[in-house]
Number of protein chains: 4
Amino acid sequence: MQLGLIGLGKMGGNMRDRMKAAGIDVIGYDTNPELSDVKDLKELVSKLEPPRNVWVMVPAGKVTQSVIDELGGLLDKGDLVIDGGNSKFTDDAKHEKELAEKGIEFADCGVSGGVWGKENGYALMAGGSNANIERLMPVFDALRPEGPRDESFCHAGDVGAGHYVKMVHNGIEYGMMQAYAEGYELLEAKEIVKDVPAAFKAWTRGTVVRSWLQELVAAALDKDPGLTQIEGFVNDSGEGRWTVQEAVEYGVPMPVISASLFQRFFSRQGTDSPAMKAVAAMRNEFGGHAVTKKGEKGVVTDH
Amino acid sequence: MQLGLIGLGKMGGNMRDRMKAAGIDVIGYDTNPELSDVKDLKELVSKLEPPRNVWVMVPAGKVTQSVIDELGGLLDKGDLVIDGGNSKFTDDAKHEKELAEKGIEFADCGVSGGVWGKENGYALMAGGSNANIERLMPVFDALRPEGPRDESFCHAGDVGAGHYVKMVHNGIEYGMMQAYAEGYELLEAKEIVKDVPAAFKAWTRGTVVRSWLQELVAAALDKDPGLTQIEGFVNDSGEGRWTVQEAVEYGVPMPVISASLFQRFFSRQGTDSPAMKAVAAMRNEFGGHAVTKKGEKGVVTDH
Amino acid sequence: MQLGLIGLGKMGGNMRDRMKAAGIDVIGYDTNPELSDVKDLKELVSKLEPPRNVWVMVPAGKVTQSVIDELGGLLDKGDLVIDGGNSKFTDDAKHEKELAEKGIEFADCGVSGGVWGKENGYALMAGGSNANIERLMPVFDALRPEGPRDESFCHAGDVGAGHYVKMVHNGIEYGMMQAYAEGYELLEAKEIVKDVPAAFKAWTRGTVVRSWLQELVAAALDKDPGLTQIEGFVNDSGEGRWTVQEAVEYGVPMPVISASLFQRFFSRQGTDSPAMKAVAAMRNEFGGHAVTKKGEKGVVTDH
Amino acid sequence: MQLGLIGLGKMGGNMRDRMKAAGIDVIGYDTNPELSDVKDLKELVSKLEPPRNVWVMVPAGKVTQSVIDELGGLLDKGDLVIDGGNSKFTDDAKHEKELAEKGIEFADCGVSGGVWGKENGYALMAGGSNANIERLMPVFDALRPEGPRDESFCHAGDVGAGHYVKMVHNGIEYGMMQAYAEGYELLEAKEIVKDVPAAFKAWTRGTVVRSWLQELVAAALDKDPGLTQIEGFVNDSGEGRWTVQEAVEYGVPMPVISASLFQRFFSRQGTDSPAMKAVAAMRNEFGGHAVTKKGEKGVVTDH
């Protein structure tokens with residue numbers, strides 16, 4: 001199967017490698033000519049056999065919009081664009097409509113996995129018509145981890161549903177991280193508890209709270225007990241904010257995820273809380289998030 | 001190694017089986033003569049070679065206190081009692097003092113694993129002196145899951161630290177469950193999302209939110225999409241309350257775990273929220289917690 | 001001074017009476033001919049001397065938009081429209097722009113006071129240019145309570161700022177109500193406290209928590225100790241939701257106001273909490289909000 | 001009426017003045033001889049006609065306990081002690097029991113009013129038997145503000161209920177302050193809002209959020225718009241913590257008051273949030289709370 005892939009950065013580049021290893025014929029484009037297989041989008045399109053499939057993996061917002069705009073002028077009726085970046089779900093409806101005016105199909109996909117994805121595979125949450133999702137299934141199968149398909153891939157619903165599910169995934173992530181962080185801070189405060197890192201590590205097997213995030217806390221504490229090298233300063237990505245705003249819009253009570261978000265806002269106002277250090281450490285462990293080390297102070301950019 | 005085990009109920013009985021399978025010479029006592037190896041505590045003590053080790057696995061509070069009292073009159077200097085029940089950590093300090101007056105040693109252990117523990121092993125969080133924890137290590141090794149010791153066992157600190165770490169573990173569990181539940185409710189509310197069970201299942205591999213609890217939600221949704229057979233009614237165990245009260249005592253901000261606890265309180269006042277159904281379903285899945293089915297309405301007892 | 005007033009319902013009608021009593025020459029229009037002084041907006045405009053001042057006091061959203069649209073076609077350059085309804089601040093910027101294209105001035109005003117305003121006066125939060133606010137000052141002075149102007153009137157900022165300040169006012173109101181409600185529920189739960197209504201009433205003079213809302217709780221408890229005739233079911237108005245969404249947009253931690261909003265969402269899912277009864281009772285007392293009485297169950301519409 | 005008054009500090013001294021002005025024959029004792037009417041408690045007791053009434057107004061905890069102990073040895077059967085300090089309600093039950101063994105009566109009273117009380121009067125929340133409260137009514141009437149008795153005095157219930165109601169009063173106060181503070185921070189963040197101090201002041205008459213605390217925010221902003229001279233650092237008193245711990249004990253959902261408490265905890269970890277500055281400013285305004293000014297950093301002691 002042939003696929004055009006636009007955006008060969010940290011995420012897109014790794015995804016290209018994983019797809020190629022699985023036998024997908026990927027033609028990649030990037031603004032960086034050292035990474036790119038073609039000189040521009042026009043050449044990319046010319047190298048793909050119709051009906052074409054093009055995966056967009058560029059920064060959400062303006063960059064994605066300009067790529068969609070340009071593809072709208074280059075692709076033909078029956079071609080299919082899938083946005084795998086971190087776009088807001090509301091952008092998907094807009095892009096679907098804009099491309100549909102030219103007979104071009106559209107689908108969206110939330111991608112989870114970060115720096116670990118190249119080796120372990122990416123979890124995929126897709127939105128779009130049955131036909132379009134079916135059409136891209138070889139690509140999804142190439143990207144996802146080994147194991148049963150439904151444990152790392154879902155067709156969540158209509159266009160936008162993929163990014164929506166990924167957005168909620170991130171909201172849940174905020175709440176889980178804050179829960180571990182609060183537990184961490186209390187354990188650190190209690191005199192009779194002498195070995196907090198050992199406690200977190202001992203939760204790896206057999207407990208109710210075992211999880212990947214728990215393993216990340218344990219790993220961070222193993223390297224730096226007391227988290228003395230980490231600032232209690234945690235940024236937020238748009239997805240947490242959107243999750244809370246959607247909950248408000250739909251009248252869904254969301255005390256925990258909103259509280260997690262607000263603690264991040266609060267951490268930016270200068271606090272140095274142990275819990276926020278733990279959240280920062282978890283983010284550091286799962287990669288892609290710079291941690292503000294002691295002495296520095298800067299804006300942490302989310303991917 | 002020889003061990004006296006007091007309490008052969010759902011937890012204690014399974015633990016006996018697992019320890020015996022690992023070669024520990026367990027002599028068990030239970031008030032139910034059909035389960036018990038001996039007719040009373042006196043006979044139990046007489047069958048153990050000094051210095052004796054006695055594991056207490058009975059309901060926290062009055063029952064544990066009366067067993068400690070009786071053991072205080074039966075055991076000899078140098079014997080060791082370990083409380084593996086759900087005692088509050090403040091009880092541990094009291095029991096340690098009471099037994100120390102008679103030269104009897106004391107340790108405590110938080111045990112996680114529920115109905116899954118017999119087969120998979122129990123996670124263990126121990127508190128006490130180095131000598132006492134070392135002395136019981138063959139027992140801990142028999143109970144815990146396979147794999148590196150430090151991934152399911154910790155010596156958390158002084159007497160009380162084992163139960164304290166287990167208490168915080170449960171507090172974290174509340175927060176994680178609520179985070180998933182809030183995400184579930186929002187996904188259910190959103191029109192473009194058509195397959196919420198598939199979304200939860202797709203988070204099993206490769207995502208940041210993968211965890212045992214996430215698998216439990218997925219399993220519950222697989223059986224009953226929409227959770228139509230479950231009341232949004234969730235009880236709380238003492239450990240969640242103690243966690244929040246300790247946080248308040250120590251000046252530790254705990255917005256997420258407290259919010260999770262309060263939503264449980266609130267659910268008892270008659271709500272029928274999707275999120276609380278999801279929490280109830282998770283508890284059902286990990287066992288030991290009766291779920292209030294539609295039409296029933298009753299007090300759910302925590303273990 | 002002459003003023004056109006559009007919308008003579010519960011709020012607008014009372015405001016007309018208060019303005020007339022203060023000597024403002026009000027010409028009112030309402031779709032209900034029994035209330036209206038003129039047969040349509042065209043006649044209203046014809047009866048006003050240029051430069052005209054027109055106060056719009058109709059439901060936010062579509063109705064306000066259609067009035068603005070129609071006024072845009074009827075008014076002349078230099079005329080001034082002020083929206084005193086419950087419009088979202090984002091509508092103000094739009095209306096300002098639309099009218100500016102025709103040389104018509106625009107201002108906005110949040111109005112607080114409800115059913116008590118006719119007699120006691122309305123608190124006013126205005127947004128717009130200095131010139132426009134100055135121009136309407138006789139109207140503001142007619143509407144506001146006796147006392148120093150700055151204790152019931154502010155020129156909060158640019159167009160939209162009036163509605164914005166009123167929106168935040170409502171968000172704060174949610175938080176205050178929930179604080180009293182939580183205190184109420186705890187007092188009701190405590191055995192040694194025998195007279196909760198007396199406690200709330202005794203806070204009227206000399207305490208830190210004295211307020212109008214506190215007096216309303218006391219009044220409600222005086223009529224119905226135990227709030228036995230009230231359902232714990234509380235709706236929310238758009239303004240609470242907008243407040244939280246704005247906080248999320250601006251990265252402002254808002255744990256208390258968001259928690260208050262979420263408890264209202266939660267109360268709609270079937271709870272019967274004492275705290276939510278107290279919130280419902282307060283809303284009942286300050287008027288304009290139907291309370292769901294025992295046995296009924298319906299949507300409570302906010303003004 | 002004759003009254004022994006123990007503790008003539010900031011609160012007790014002002015209360016003595018107010019009671020004397022109302023015709024109560026107060027004999028005061030303080031460890032500071034310059035303030036005291038008698039040289040010790042023995043002399044105090046000797047100067048009072050039996051049956052004696054003694055009001056204790058000393059720091060909660062150890063100091064109150066030692067005064068209760070000493071009075072137990074000096075007073076006679078039928079004498080009455082009332083604790084008007086900031087004791088925890090659990091202490092009241094203990095003190096009642098200890099004195100009852102000697103036939104001495106006991107009552108408790110929460111007192112609100114701070115530095116404003118001498119002139120304006122103190123709000124009083126009393127606990128005890130009907131007979132004892134009736135017996136002290138001339139004292140209560142002397143202390144409370146002018147106006148109907150039930151607007152500043154209540155007999156809340158049994159011994160302990162007075163302090164309990166005062167404790168909940170303080171918890172509600174936390175929630176209210178945080179609500180205003182969150183609103184303040186959002187208004188400060190919004191570009192179109194140009195005059196935040198004017199907004200707060202304009203809420204004084206006719207609004208739903210008008211209150212004494214609102215007037216205090218307005219006064220603080222009048223003096224220091226932007227609150228540039230205040231650190232966002234807010235301590236908590238025991239009463240807020242006890243309120244949340246009681247809520248947890250009784251299964252009462254308390255999301256708002258707990259969130260307010262946690263934000264104070266969080267503020268001590270080094271944040272510099274506008275909302276916390278606003279809370280600090282309110283506390284400063286109502287007196288008795290030192291504010292941490294820029295450049296200082298210290299523990300703020302609650303009264």
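**View 1. Pairing of strands β3 and β4 in chain A.** Two strands count as paired if DSSP finds at least two bridges between them; strands (E, at least two residues) and helices (H or I, at least four) are DSSP runs numbered from the N terminus. In this predicted model, β3 (residues 53–56) and β4 (residues 80–83) of chain A run parallel and are joined by four bridges. W55(A) has I82(A) as its bridge partner in β4(A).

**View 2. The open sheet of chain A and helix α8.** Seven strands with mixed pairing follow the order β2-β1-β3-β4-β5-β6-β7. At the edges, β2 (25–29) and β7 (153–157) of chain A each pair on one side only. From one strand to the next, the twist averages 25°. Helix α8 (residues 161–189) of chain A packs on the sheet and touches β4, β5 (105–112), β6 (123–127) and β7 of chain A, where contact means heavy atoms within 4.5 Å. The directions of α8 and β5(A) make an angle of about 20° (axes are lines fitted to C-alpha atoms, for helices over the stretch in contact; angles run from 0 to 180 degrees between N-to-C directions).

**View 3. The contact between chain A and chain C.** About 1400 Å² is buried between the two chains, with carbon and sulfur atoms giving 67% (accessible area, 1.4 Å probe, lost on putting the two parts together, summed over both). On the chain A side, α11 (238–250) and α12 (255–267) are the elements that give two or more residues; α11(A) gives the most, with seven.

**Notes.** Residues are numbered from 1 along each chain as its sequence is written, and chains are lettered from A and ligands numbered from 1 in the order written. Local features need pLDDT of at least 70, side-chain atom pairs count only at pLDDT 80 or more, totals for chains, interfaces and linings use all residues, and side-chain values use heavy atoms, leaving out hydrogens and water.
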